[in-house]
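Good morning, everyone. I would like to walk you through one chain today, going from the overall fold to the ligand shell and then to a few details of the backbone. Please keep the model in view while I talk.

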Amino acid sequence: GNAKSVAEQVNRQLIGIDPGAGIMKSANKAIADYDLKDWKLVEGSGAAMTAALDKAIREKKPIIVTGWTPHWMFAKYDLKYLEDPKQSFGGEEQIHTVVRKGLKADHPDAYAVLDRFEWSTDDMAAVMGAIQEGKKPEQAAQEWVGAHASQVDQWVGDAGKADGKALKLGYVAWDSEIASTNVVKAVLESRLGYKVTALQVEAGPMWAGIAGGDTDAMVAAWLPTTHEEYFNKYKDKVEDLGPNLKGTKTGLVVPAYMDIGSIEDLNK
Ligand code: PBE
């Protein structure tokens, strides 16, 4: 028939986020891997992407976005990942905690807590959801920390008090990292007595800040695929403390009402 193809319906556009995000590199790889000629990856931000998704769903229109898990959007909307048989977005990955060299010597207690910090996708989703429903990130994080005292106790362990010493965390304004960074900030402040600055930057400067030693730590390194380029560039200048969350996913995401199942089909 003369029904429009999905490519025509969405005007051959993938709605992306901030250009420094690793998922943008993966999406460009998908465009190449699946031979999506004349397709465009639209740059924006996490907030612009979720606003476009919200508008499309309210109007029951087709849309393709770069998406990731954990994210509140999967609780709010009926969505699906497009299959990615060529693995342009990689396989399994984790979110790692990465700190500057010398942090262990300068702040052994904060280092120990950062090293022990580990939570689940459900934990992160709970904080993200509270923020999405209107709570201020700092407040949502403080409330979560207060309500999960025994879990937080395990991270804190026998760490001593910092007496108002300053610490700087770097993060990008991705909803997942707004949640995790504020939780770590709340723990270091309320349990150890640090004065923590959470510095919002782009992804490149976040990594460069740790490598250069201006930033103490971040809990936002998606490895091995999404931040592979940053990791390869800076791995000798940072210390990787390993995963703080397992079970993430990235890919192209569409409303469930769209009649498409795989990135391969975008070519049809
Ligand atoms: N994200 C969320 C990031 C990592 C965290 C998937 C949007 C990215 O660099 O793509």
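Let me begin with a single residue on the outside: lysine 60 counts as exposed because it has 8 C-beta neighbours inside 10 Å. The cut-offs behind that word are as follows: a residue is buried if 20 or more other C-beta atoms lie within 10 Å of its own, exposed if 12 or fewer, and partly exposed in between, with the C-beta atoms placed from the backbone. Phi of lysine 60 is near 55°, a positive value in a residue other than glycine, and lysine 60 is found in the loop between α3 (46-58) and β3.

Before going further, I should say that this is a predicted model, in which local features need pLDDT of at least 70 and side-chain atom pairs count only at pLDDT 80 or more, whereas totals for chains, interfaces and linings use all residues. Residues are numbered from 1 along each chain as its sequence is written.

A second residue resembles the one I opened with: asparagine 11, which is not a glycine, has a positive phi of about 60°. Asparagine 11 lies in the loop between α1 (6-9) and β1 (13-15), and it counts as exposed because it has 10 C-beta neighbours inside 10 Å. As background, most residues other than glycine have a negative phi, and most peptide bonds are trans.

That brings me to the peptide bonds. The bond from threonine 69 to proline 70 is cis, with omega near 5°, and proline 70 sits in the loop between β3 and α4 (73-76). A cis peptide bond also joins leucine 223 and proline 224, with omega about 10°, and here the proline lies in the loop between β8 (217-223) and α12 (228-234).

Now to the fold as a whole. The chain has twelve helices and nine strands, where helices (H or I, at least four residues) and strands (E, at least two) are DSSP runs numbered from the N terminus. Along its principal axes the C-alpha trace spans about 70 × 40 × 25 Å. How does the radius of gyration of the chain agree with that of a compact globule? With 268 residues, such a globule would have a value near 18 Å, and the chain has 19 Å, which agrees; the radius is taken over C-alpha atoms, and the globule rule is 2.2 Å times the number of residues to the power 0.38. Of the 268 residues, 43% count as buried. Residues 24 or more positions apart account for 84% of the contacts with a separation of 6 or more, a contact being two residues whose C-beta atoms, placed from the backbone, lie within 7 Å.

The domain assignment gives domain 1 (6-91 + 250-267) and domain 2 (93-248), with bounds that come from an automatic or database assignment. The contact takes 18 residues from domain 1 and 20 residues from domain 2. On the side of domain 1 that touches domain 2, the elements giving two or more residues are α2 and β3 (65-69), and α2 gives the most, with four residues. The C-alpha centres of the two domains lie 27 Å apart.

Where does the ligand lie with respect to these domains? Domain 1 and domain 2 both give residues to the shell around the ligand, so it lies between them. Of the 13 residues around the ligand, Ala21, Gly22, Ile23, Trp68 and Trp174 come nearest, where near means a C-beta atom, placed from the backbone, within 6 Å. The elements that give two or more residues to this shell are α2 (22-33) and α10 (175-190). By class, the shell has seven nonpolar, five polar and one charged residues; Ala, Val, Leu, Ile, Met, Phe, Trp, Tyr, Cys and Pro count as nonpolar, Asp, Glu, Lys and Arg as charged, and the others, Gly among them, as polar.

I will finish inside domain 2, with valine 99, whose place is in strand β5 (residues 93-100). Valine 99 is buried, with 23 other C-beta atoms within 10 Å, and, not counting residues up to four places away in sequence, it touches Tyr111, Leu114, Ile210, Asp216, Ala217, Glu239 and Leu241. By contrast, the C-alpha atoms of valine 99 and leucine 79, 20 residues apart along the chain, are separated by 35 Å.
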